[in-house]
Amino acid sequence: MTTTAFITHRDCWLHDMGTFHPECPDRLAAINDRMIAAGLDLYLSFYDAPLATEEQIVRVHPANYLAELNASVPEHGIRHLDPDTAMSPGTMKAALRSAGAGVFATDLVLKGEIENAFCAVRPPGHHAERGKAMGFCFLNNVAIAARHAVEAHGLERVAIVDFDVHHGNGTEDAFRDDPRVLMVSIFQHPFYPYSGADCTAPNMVNVPVPAGTRGDAFRSIVTERWIPALREHKPQMIFISAGFDAHYEDDMGSVGLVESDYVWVTQQVKAVAEECGHKNIVSILEGGYSLSSLARSVVAHVKALADL
C-alpha cells in the first residue's frame, strides 16, 4: 500500500500572469518531469484535485471577497490586482482546484485512506489575507485546509509549518490568536511582505532570519524554537506551507537551504506527528521559482514524506 498521496490538476496550469512572471505553469511541469525521472510514480497514489466549494472557502475568506475575485476574472488577457498579482481567464479555476486539493488531502488523511499528502498546486496561497489577494496568492490554500480539519472534522488542535522564504502573512491573518491553530515559520527579514517579525500572538512562532542564512542556522531554529512549540501544542494534524524559494539557487530570496535541509525538516515534522500519535500531514506547495531547484526539492520532500 502506498502511504503518500500526490494531488494536482491540469486546471492549475491555466492560471497565467504573463510572460516572464516567475509564478508560471512551468513550475508544475518541472515538478512533474522530475517526479517521473525519479520513478516516484510507482510509490505514490495520484489524485485529481476537486474544486473547493464556497462553504469551504468562506470559513477563511468572506463571501463578498470571493464574489469580488470572481467578478475580477478577465474574459481575455491579464488583469492586475496589484503590481505582482494578476488574473487571467483561467485563474479562478486554478485557485479553486488549489484550495480544493488541500481540503481533499485533509479528507483522505483523516479518513485513514493515506498517511500523508503533497499538493502540487498553483497559484500559491499563504499571502492571501482574509479579504485581500497579494503576493501571487488569491485563496489561502493551507488556511482553508486547516480550517476544514477543525470545522468539518472537529479537530481541536492543528499546526501549520511554513518554511517559505517569505512570511505567510495571510495564514497569520487567518489564525492570529486562534488557540486551535499553531503556526511556526521562518522567513527572510526584512523582506516582502514586511510582516511577521513583530507579531506577539501566542500561537505564532515566527522566526525572522537575515539574508545569507544557511541550513545549519535553519536546523537550529527548527530544533530550538519549532519543535518545542509543536510538542507543547500536540497537534492532531500538521499542515506544511511548502515553499522552496529559500533554496540557495532561487533568486527570489537570499536564504541558502538545499535539498537535504528540506528532507531533514520533513523528517522532523513526521517525528512530531508520530509523537502525537498519528501520521496526519498535508503539505501544500507555496513558492519556489528556480525550476531545477524547485523540482529537485519537491522530489526530496515527497520522498521523505513517503519514507523512500
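How many cavities of 30 Å³ or more does the count come to? The answer is 1 cavity, and this tour of a predicted model reaches that cavity after two other stops.

**Stop 1: the annotated domain.** Select residues 21-305. UniProt, in an unreviewed entry, places the feature "domain: Histone deacetylase" on this range. Colour the selection by secondary structure: over residues 21-305 the chain is 40% helix and 16% strand. Then draw a distance between the C-alpha atoms at the two ends of the range, which are 30 Å apart.

**Stop 2: helix 4.** Select residues 91-110, the 20 residues of helix 4. From its first C-alpha to its last, helix 4 reaches 29 Å, close to the 28 Å expected at 1.5 Å a residue. Switch on a surface for the whole chain and helix 4 is mostly covered, with 17 of its 20 residues buried. Now step just past the end of helix 4 to Gly112, where phi is positive, at about 80 degrees.

**Stop 3: the cavity.** Rolling a probe the size of a water molecule over the atoms shows where empty space is left. In this model the largest cavity holds about 40 Å³ of space. To find the largest cavity, select its lining: Glu115, Asn116, Lys270, Ala273, Glu274, His278, Lys279, Ile281 and Asp307. Next add helix 8, residues 259-275, to the view; helix 8 supplies the largest share of this lining, 3 residues. Finally, colour the lining by residue type: 5 residues are charged, 2 are polar and 2 are nonpolar.

Technical notes. Residues are numbered from 1 along each chain as its sequence is written. This is a predicted model: local features need pLDDT of at least 70, side-chain atom pairs count only at pLDDT 80 or more; totals for chains, interfaces and linings use all residues. Side-chain values use heavy atoms; hydrogens and water are left out. UniProt positions are given in the numbering used here, feature names are shortened, and annotations may be inferred rather than shown by experiment. Helices (H or I, at least four residues) and strands (E, at least two) are DSSP runs, numbered from the N terminus. The expected span of a helix is 1.5 Å times one less than its number of residues. Buried means under 20% relative accessible area, exposed over 50%, partly exposed in between (1.4 Å probe, protein chains only). On a 1 Å grid over the protein atoms alone, a cavity is a set of points where a 1.4 Å probe fits but cannot get out, and a pocket is an open set with protein on both sides within 12 Å along at least five of seven lines; lining residues have an atom within 4 Å of a point. Grid points are joined across faces, edges and corners, and a volume is the space filled by probe spheres set on the points. Ala, Val, Leu, Ile, Met, Phe, Trp, Tyr, Cys and Pro count as nonpolar, Asp, Glu, Lys and Arg as charged, and the others, Gly among them, as polar.
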